[in-house]
Amino acid sequence: MLGKELITVPRRYRAFLEVGDHGCGFLAVSEVETPRLVGAPLPFPDGMERVAALEETVYANPLLLGDFAETTIVLRGGRFMLVPGFVTDDSLACDLFRAQYPVDNDLPPGELLIDDWNGLGSRLVYEADSDELSFLRRTFNNPATRHPLSVLSLYFAARREGCAASRMLLSVSDERADIVVLGRDGVLCANSFPVSGPLDAAYYALAVRQSLSLSPRDELMLAGTSALRASLTPVLRRGISFVMPAIEPPAVLAAPKGIRALPFELKVAPYANL
């Protein structure tokens, strides 16, 4: 349980909450207070639907309800689509999304959200569960929302200055492989794939590289647990010359084990120029 006693002055922290199908992760970050980072993975109770499990988890961890300076919600799940940055009209962006992904009555009612990828010439349109959004908006003070691919892309972009070649970020968990490829003029690919093991992630990464005609010398930055990276690296190096661990912020590297166990996109979200 994350209790309120872990942070004395919440207003001096920024809070980040990632919500997924099987749990959420919480991270609070301060530039002036000690500890600088507070957080942990928060698995959902068994046998509950996602929205009910989210409510149960939030109320079981009082720290999440603190009066933070700002709160950002990272929402995983639902359909998404990348649109060009010149589509600045939100209504048009949503119409383009619905042309590709019509309303599916088999899915819970949803709302379309849009993330601007400043400096990358793209915007991401994505669906979010209406009931989940309603709970988050009435529970947290004016929270911002971001898709995991938005976090990864903006963090990755901020750390590739001066690099003219294309670069790939592969962020892997036990269930998903998130892939972002940046070229000299912006985003070449941003996608998320379900996986059942490391070889699935390797397949998707290599297939994306082939579809984009990337050179074997174009770098691949790999994020995930040490075990997943150890399984993937030798496979990827059969076709890619430069496979290296994705860079995590120094504060995260020095953080307690619970924070280091958070998903990569949540650990880097405070440093992603969102």
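This is a short tour of the structure, stop by stop, with what to select and what to look for. The model is a predicted one.

**Stop 1: strands β2 and β3**

Select residues 23–29, which make up strand β2. Add residues 37–43, strand β3. The two strands pair in the antiparallel sense, over seven bridges. Pick out L27 and look across to β3: the residue opposite is G39. Now look at how β3 is covered. Five of its seven residues are buried. While looking along a strand, keep one general point in mind: in a regular strand the side chains alternate between the two faces of the sheet.

Next, select the loop between β2 and β3, where P35 is found. T34 and P35 are joined by a cis peptide bond, with omega at about 0°. As a rule, most peptide bonds are trans.

**Stop 2: helix α1**

Move on to residues 50–59, helix α1. Which residues of α1 are buried? They are R50, V51, A53, L54, T57 and V58. Turn the view until you look down the axis of α1. The buried residues fall within an arc of 160°, so they line one face of the helix. A general point helps here: an α-helix has 3.6 residues a turn, so residues three or four places apart point the same way.

Now show what surrounds that face. The cover over the buried residues of α1 includes β1, β2, β3, β7 and α3.

Stay on R50 and show its side chain. It meets the side chain of D21 in a salt bridge, 2.8 Å from N to O. R50 belongs to α1 and D21 to the loop between β1 and β2, so the pair ties together parts that are 29 residues apart in sequence. D21 itself is exposed, at a relative accessible area of 54%.

**Stop 3: more salt bridges**

How many salt bridges does the structure hold? The count is 16. In general, side chains of opposite charge can pair when their charged atoms come close. Two more of these pairs deserve a stop.

Select R76 and E265. They form a salt bridge, and their closest N and O atoms are 3.1 Å apart. R76 sits in the loop between β4 and β5, while E265 is in helix α9, so this pair ties together parts that are 189 residues apart in sequence. Are R76 and E265 buried or exposed? R76 is buried, and E265 is buried too. Now add E18 and D178 to the selection: with R76 and E265 they are linked in a network of salt bridges.

Then go to R167 and E219. Their side chains meet in a salt bridge, 2.8 Å from N to O. This pair also links distant parts of the chain: R167 is in strand β9, and E219 is in the loop between α5 and β12, 52 residues apart. R167 is buried, at 11% relative accessible area. E219 counts as partly exposed, at 24%.

**Stop 4: a sheet of three strands**

Select β5, β7 and β6. They form an open sheet in the order β5-β7-β6, with antiparallel pairing. β5 and β6 stand at the edges with a single partner strand each, so one side of each is left without a neighbour in the sheet. From one strand to the next, the twist averages 25°.

Zoom in on β5 and β7. Five bridges join them. P84 stands opposite S122 in β7. Now add residues 148–158, helix α4, which packs on the sheet and touches β5, β6 and β7. The direction of α4 makes about 5° with that of β6.

**Stop 5: two loop residues and two cysteines**

What is the sign of phi at N142? It is positive, near 50°, in a residue other than glycine. N142 lies in the loop between α3 and β8, and is exposed at 69% relative accessible area. S213 also has a positive phi, near 55°. S213 is in the loop between α5 and β12 and is exposed, at 64%. In general, most residues other than glycine have a negative phi.

Finish with C94 and C189. C94 counts as buried at 19% relative accessibility, and C189 counts as buried at 15%. A search of the whole structure finds zero disulfides.

How values were computed. Residues numbered from 1 in each chain as written. Predicted model: local features only at pLDDT ≥ 70, side-chain atom pairs only at ≥ 80, totals over all residues. Heavy atoms only, no water. Buried < 20%, exposed > 50% of the residue type's maximum accessible area, 1.4 Å probe, protein only. Helix = DSSP H or I, 4+ residues; strand = E, 2+ residues; numbered from the N terminus. Pairing = 2+ DSSP bridges. Salt bridge = Lys/Arg side-chain N within 4 Å of Asp/Glu carboxyl O. Axes fitted to C-alpha atoms, helices over the stretch in contact; angles between N-to-C directions. Contact = heavy atoms within 4.5 Å. Arc of directions from axis to C-beta. Disulfide = S-S within 2.5 Å.
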